[in-house]
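Colleague: I've got a model open on my screen and I'd like to learn how to read it. Could you walk me through the sheet, the helices and the pockets?

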Amino acid sequence: MKITITKRVDARICKYLNELKKSLRVIQKQNNNESAVEDLCKKFLIHLFGYDEFSIYNQERTGAQQETDFVIKNDKNQFIWICECKSMKENLYKDKWLSQLKGYCCTTNSNWGILTNGLSWVIYYVFQKGNEQPQHTKVYEIENILEIRNCKQDRNKLYPFCAEAVSKQLREKLLEKQKALSCECLGCALISENVLTMLSKQIKKAEGITIKEEDLAKQIKKLIPQFKDLKISRRFTKKKSYRKTNNST
């Protein structure tokens, strides 16, 4: 996926990244609490990622005795991000923290959330169908922002969090990529009529053995257990087009 970054984003990253990383190391060394991380993450959002200070709201109430750390809204008062911060000693990938973020997103009718402990930054897309449990897709992550050493070479790693990337719908493009690479989508592609027919022909050509598509599908499901409930798919099969002909008398 080609990413084009403006000079303004370049200049901002070069100006603030190293300075913010120094502050991050101080907090890491002192093992400061969640509130210290919140304050620094807000600086990341304003100075590094380019959000207007007045678009960031602290402690947005989402329900009974529930408040987000902060949210970012646009000039139409619509949610851009729900942001949840944890202390650096916390493991961001605990179900507990993700469930908390998903709850905040659902109660604010917002699909996009950021979970961070200052070091790691993770973008999630959250969705809910009716009264079903909230679902999520992990769209993008920076595992450790301190490992981003060269502002020019590594700027693309930071860009998905930037305000400019949101306006260009980069996060939506990254989401589509994750959906395309999901286990379900890959499974449907592998267990599709076209692919199974092609595999059958290749085995016939290489080994001189005829294998039924149904048997190939069963074997793929054994090799990849996540595909066990999938049926042979026509989703990736090209539709045949028929040309109508008129008989003249």
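**Reading the sheet, then the pockets**

Modeller: Sure, and keep in mind that this is a predicted model. Strands of a sheet pair through backbone hydrogen bonds, either parallel or antiparallel. Here you have an open sheet of 6 strands with mixed pairing, in the order E1-E4-E5-E6-E7-E8.

Colleague: Which strands stand at the edges?

Modeller: Strand E1 (56-58) and E8 do. Each has a single partner strand, so one side of each has no neighbour in the sheet. Going from one strand to the next, the twist averages 25°.

Colleague: In which sense do E7 and E8 pair, and over how many bridges?

Modeller: Strand E7 (residues 121-127) pairs with E8 in the antiparallel sense, over 7 bridges. To find your place, look for Phe-127, which stands opposite Gln-135 in E8.

Colleague: Which elements does helix H3 lie across?

Modeller: Helix H3 (residues 95-107) lies across E5, E6 (112-116), E7 and E8, and runs at about 150° to E6. H6 packs on the sheet too, touching E5, E6, E7 and E8, with its direction at about 115° to that of E8.

Colleague: And how do I read a helix by itself?

Modeller: An α-helix has 3.6 residues a turn, so residues three or four places apart point the same way. Try helix H8 (residues 193-207): its 15 residues reach 21 Å from first C-alpha to last, close to the 21 Å expected at 1.5 Å a residue. After H8 comes Gly-208, with a positive phi near 70°.

Colleague: Now the pockets. What is the volume of the largest pocket, and which residues line it?

Modeller: Rolling a probe the size of a water molecule over the atoms shows where empty space is left. The largest pocket has a volume of about 290 Å³. Its lining includes Phe-127, His-136, Lys-138, Glu-184 and Arg-235. Strand E8 (135-142), helix H6 (170-180) and helix H7 (183-190) each supply at least two lining residues, and E8 gives the largest share, 3 residues. By class, that lining has 2 nonpolar, 4 polar and 4 charged residues.

Colleague: How much space lies in the second largest pocket?

Modeller: About 210 Å³. Of the 14 residues lining the second largest pocket, Asn-74, Ile-80, Ala-163, Val-166 and Ser-167 are the closest to its centre. Two or more lining residues come from each of strand E4 (70-73), strand E5 (79-85) and helix H5 (163-167). H5 gives the most, with 4 residues. By class, this lining has 6 nonpolar, 4 polar and 4 charged residues.

Methods. Residues numbered from 1 in each chain as written. Predicted model: local features only at pLDDT ≥ 70, side-chain atom pairs only at ≥ 80, totals over all residues. Heavy atoms only, no water. 1 Å grid on protein atoms, 1.4 Å probe; cavity = no way out; pocket = protein on both sides within 12 Å on 5 of 7 lines; lining within 4 Å. Points joined across faces, edges and corners; volume = space filled by probe spheres on them. Nonpolar A, V, L, I, M, F, W, Y, C, P; charged D, E, K, R; others polar. Expected span 1.5 Å × (residues − 1). Pairing = 2+ DSSP bridges. Axes fitted to C-alpha atoms, helices over the stretch in contact; angles between N-to-C directions. Contact = heavy atoms within 4.5 Å.
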